[in-house]
Amino acid sequence: LRRMTVVNKGVNVGMKPTRRRWADGKKSRDKFQNLKAELWWDLRDRLRCTHEHWTFITTEGAKGKAHKLEDMILLPEDDKELTSQISLPLYIPLETGKIQIESKRQLKARIGADSPDHAEGLIISLAPPPRAGGSDRSVGMI
């Protein structure tokens, strides 16, 4: 909440990705077409970490992998709309090697689904705040 009151700028998912460096050593700007793709990928990565951690603790370490709490995400189990929307958008590997998320128009044409508003609200909540003194986004909290 503090971040929302201090920074009253919206999140433009069409902007360039952040300056984050991923576990594979790649920078977000080399990996993603735009901030939207990076945020969706961040959610994907957090869900993967959560699954691996849950498997680790429930199988006494026989399977899975331990992760730091800040690398995981816990979703409300009663929000069926959110959980059904998370898996709707596809990612598209571009010829440049970057990742793009399909547009709302492409999603509607492919499955006839409306905009995944609940899931988009979640990815926007993962967006780091803009850097002080500039319109570009920093590494932030992701």
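From the N terminus on, the elements of the chain follow the order α-α-α-α-β-β-α-α. That makes six helices and two strands. The model is predicted. The chain has 142 residues, and 32% of them are buried. Helix H3 (residues 35-58) recurs in the points below.

**Overall build**

- The accessible surface of the chain comes to about 9300 Å². Carbon and sulfur atoms account for 54% of that surface.
- Take the contacts between residues at least 6 apart in sequence: 49% of them join residues at least 24 apart.

**Nonpolar core**

- The largest nonpolar core has 18 residues. Phe 32, Trp 40, Leu 43, Ile 86 and Leu 122 touch the most other members.
- Four elements each supply at least two residues of this core: H3, helix H4 (80-86), strand S2 (99-101) and helix H6 (117-125).
- H3 gives the largest share of the core, with six residues.
- In soluble globular proteins, nonpolar side chains tend to be buried together.
- Phe 32 has contacts beyond its sequence neighbours. Leaving out residues up to four places away in sequence, Phe 32 touches Pro 17, Trp 22, Ala 37, Glu 38, Trp 41, Lys 98 and Ile 99.

**A buried glutamine**

- Gln 85 sits in helix H4. Its relative accessibility is 5%, so Gln 85 counts as buried.
- With residues up to four places away in sequence left out, Gln 85 touches Trp 40 and a run of others: Ser 115, Pro 116, Asp 117, His 118 and Ala 119.
- Trp 40 is also one of the core residues that touch the most other members.

**Aromatic residues**

- The whole structure holds three aromatic pairs.
- One of these pairs is Trp 41 with Tyr 91. The arrangement is edge-to-face, with 5.0 Å from centre to centre and 90° between the planes.
- Trp 41 lies in helix H3 and Tyr 91 in strand S1 (residues 91-93), so this pair ties together parts that are 50 residues apart in sequence.
- The two partners differ in cover. Trp 41 has a relative accessible area of 12%, so it is buried. Tyr 91 is at 43% relative accessibility, so it counts as partly exposed.
- One aromatic cluster takes in Trp 22, Phe 32, Trp 41 and Tyr 91. Two of its members, Trp 22 and Trp 41, are among the residues that Phe 32 touches.

**Salt bridges**

- The count of salt bridges comes to seven.
- Arg 20 and Asp 42 form one of them, at 3.0 Å from N to O. Arg 20 lies in the loop between helix H1 (2-6) and helix H2 (28-31), while Asp 42 is in helix H3, so the pair ties together parts that are 22 residues apart in sequence.
- Both Arg 20 and Asp 42 are buried.
- Asp 42 also forms a salt bridge with Arg 46, whose closest N and O atoms are 2.9 Å apart. Arg 46 and Asp 42 both lie in helix H3. They are four residues apart, about one turn of the helix.
- Relative accessible area is 2% for Asp 42, so this residue is buried. Arg 46 is buried because its relative accessible area is 11%.
- Shared partners join Arg 20, Asp 42 and Arg 46 into one network of salt bridges.
- Arg 46 has a further spatial link to report. Arg 46 and Glu 70 are 24 residues apart in sequence, and their C-alpha atoms are 8.7 Å apart in space.
- Asp 24 and Lys 31 form another salt bridge, at 2.6 Å from N to O. Asp 24 counts as partly exposed because its relative accessibility is 46%. Lys 31, at a relative accessible area of 10%, is therefore buried.

**Nonpolar residues at the surface**

- Trp 54, Phe 56 and Ile 57 make a nonpolar surface patch of about 320 Å².
- Phe 56 belongs to helix H3. Its relative accessibility is 31%, so Phe 56 counts as partly exposed.
- Helix H3 thus appears in both settings: H3 supplies six residues of the largest core, and H3 holds Phe 56 of the surface patch.

Key. Residues numbered from 1 in each chain as written. Predicted model: local features only at pLDDT ≥ 70, side-chain atom pairs only at ≥ 80, totals over all residues. Heavy atoms only, no water. Patch = residues over 30% accessible without salt bridge, like charges linked within 9 Å, V, L, I, M, F, W, Y side chains within 5 Å. Areas by Shrake-Rupley, 256 points an atom, 1.4 Å probe, with all protein chains shown as cover. Salt bridge = Lys/Arg side-chain N within 4 Å of Asp/Glu carboxyl O. Buried < 20%, exposed > 50% of the residue type's maximum accessible area, 1.4 Å probe, protein only. Core = buried A, V, L, I, M, F, W, Y, C linked by side-chain atoms within 4.5 Å. Contact = heavy atoms within 4.5 Å. Phe/Tyr/Trp six-rings, centres within 6.5 Å; stacked < 30°, edge-to-face > 60°.
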